[in-house]
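This report describes one protein chain, from its overall layout down to single residues. The sequence and the structure come first.

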Amino acid sequence: MTWVRFEDLTPEHPKFTALGNLAPLAGWLWFSAACYCMRHLTDGHISMEQLERLWPYRHIGVATGGAPGLFEVGEDPSVSDLVTALIKVRLLEKNRRGFMVHDILDYNPSKAEMTELRTKKRLAGQAGGIAKAKADATARATTSGMPPYPPLPSPTTESTSQNVPVDIGGQLQE
């Protein structure tokens with residue numbers, strides 16, 4: 001799972017306020033596009049077809065004007081209208097591949113950075129798993145489940161070759 005970083009002042013940014021009545025709808029499409037780009041590691045690139053798939057809303061009836069406090073049924077904005085508005089305020093940029101979410105890589109990691117981070121985490125997890133498996137195997141190696149005691153020192157030739165009387169056939173030998 002990836003995360004998308006947004007500044008906490010994003011809704012109050014002049015680009016969003018410049019969207020006027022389209023701000024909630026165009027802003028949601030922009031937010032959805034940024035999430036899509038991070039989830040699929042596109043480095044901010046998104047096609048018009050994908051933007052259309054991210055905009056499933058129909059028959060919202062957004063009013064484009066009127067007296068404050070009155071509800072007015074208006075025309076549903078199309079994806080093209082929202083994309084045009086996002087381009088106008090520079091939240092989306094048109095390019096040869098479709099569109100680019102403006103400045104997404106200034107605040108979020110690129111595909112290369114995410115791939116490197118995931119590889120590091122995977123290798124660290126493997127190393128930790130191997131260390132745990134070794135520790136578990138050592139603990140299970142004894143009947144008590146506790147790690148074995150260090151081995152007792154073995155008798156050396158010096159300790160057995162001391163002049164100790166030994167009874168051999170009823171006679172003490174040194």
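In what order do the elements of the chain run from the N terminus on? They follow the pattern α-α-β-α-α-β-β-α-α-α-β-β. The model is a predicted one. Its secondary structure amounts to seven helices and five strands. The chain has 174 residues, of which 26% count as buried. Of the contacts between residues at least 6 apart in sequence, 59% join residues at least 24 apart.

**The sheet**

Three strands form an open sheet in the order β1-β3-β2, and the pairing is antiparallel. β1 (45–46) and β2 (92–95) stand at the edges with a single partner strand each, so one side of each has no neighbour in the sheet. Strands of a sheet pair through backbone hydrogen bonds, in either a parallel or an antiparallel sense.

β1 pairs with strand β3 (residues 98–101) over two bridges, in the antiparallel sense. The pairing of β2 with β3 is also antiparallel and runs over four bridges. β2 and β3 form a hairpin, with two residues between them.

Several residue pairs across these strands can be named, as the table shows.

| Residue | Residue opposite or bridge partner in β3 |
|---|---|
| H45 | M100 |
| I46 | F99 |
| E93 | M100 |
| K94 | F99 |

M100 of β3 thus has H45 opposite it and also E93. F99 of β3 is the bridge partner of I46 and likewise of K94.

**The packing of α2 and α4**

At what angle do helix α2 and helix α4 pack? The angle between α2 (residues 23–39) and α4 (residues 79–88) is about 85°, and their axes are 9 Å apart. Angles of 65 to 115 degrees count as roughly perpendicular, and α2 and α4 are therefore roughly perpendicular to each other. On the α2 side, the contact is made by L25, A26, L29 and W30. On the α4 side, V79, L82, V83 and L86 take part. By type, the residues of this contact are eight nonpolar, no polar and no charged.

**The two sides of α4**

Which residues of α4 are buried? They are V79, L82, V83, A85 and L86. These residues cover an arc of only 160° around the axis, which puts them on the same side of α4. An α-helix has 3.6 residues a turn, so residues three or four places apart point the same way. On the other side of α4, T84 and K88 are exposed. The cover over the buried residues of α4 includes α2, α3 (48–53), β2 and β3.

L82, which lies in helix α4, shows this burial at the level of one residue. L82 has a relative accessible area of 0% and is buried, because buried means under 20% relative accessible area. Apart from its neighbours within four places in sequence, L82 is in contact with L22, L25, A26, L29, W55 and P77. Among these partners, L25, A26 and L29 also belong to the α2 side of the contact between the two helices. L82 and L25 are 57 residues apart in sequence, yet their C-alpha atoms are 7.4 Å apart in space.

**Positive phi angles**

Most residues other than glycine have a negative phi, and most peptide bonds are trans. Two residues of this chain can be set against that background. D43 is not a glycine, but its phi is positive, about 60°. D43 sits in the loop between α2 and β1. Is D43 buried, exposed or partly exposed? With a relative accessible area of 26%, D43 is partly exposed.

R90, also not a glycine, has a positive phi of about 65°. Where is R90 found? R90 lies in the loop between α4 and β2, and R90 follows α4.

**Taken together**

Helix α4 has one side with its buried residues and another side where T84 and K88 are exposed. Both β2 and β3 are included in what covers the buried residues of α4, and these two strands also form the hairpin of the open sheet. Helix α2 is included in that cover too, and the contact of α2 with α4 contains no polar and no charged residues.

Notes: Residues numbered from 1 in each chain as written. Predicted model: local features only at pLDDT ≥ 70, side-chain atom pairs only at ≥ 80, totals over all residues. Heavy atoms only, no water. Pairing = 2+ DSSP bridges. Axes fitted to C-alpha atoms, helices over the stretch in contact; angles between N-to-C directions. Parallel < 35°, antiparallel > 145°, perpendicular 65-115°, else oblique. Contact = heavy atoms within 4.5 Å. Nonpolar A, V, L, I, M, F, W, Y, C, P; charged D, E, K, R; others polar. Buried < 20%, exposed > 50% of the residue type's maximum accessible area, 1.4 Å probe, protein only. Arc of directions from axis to C-beta.
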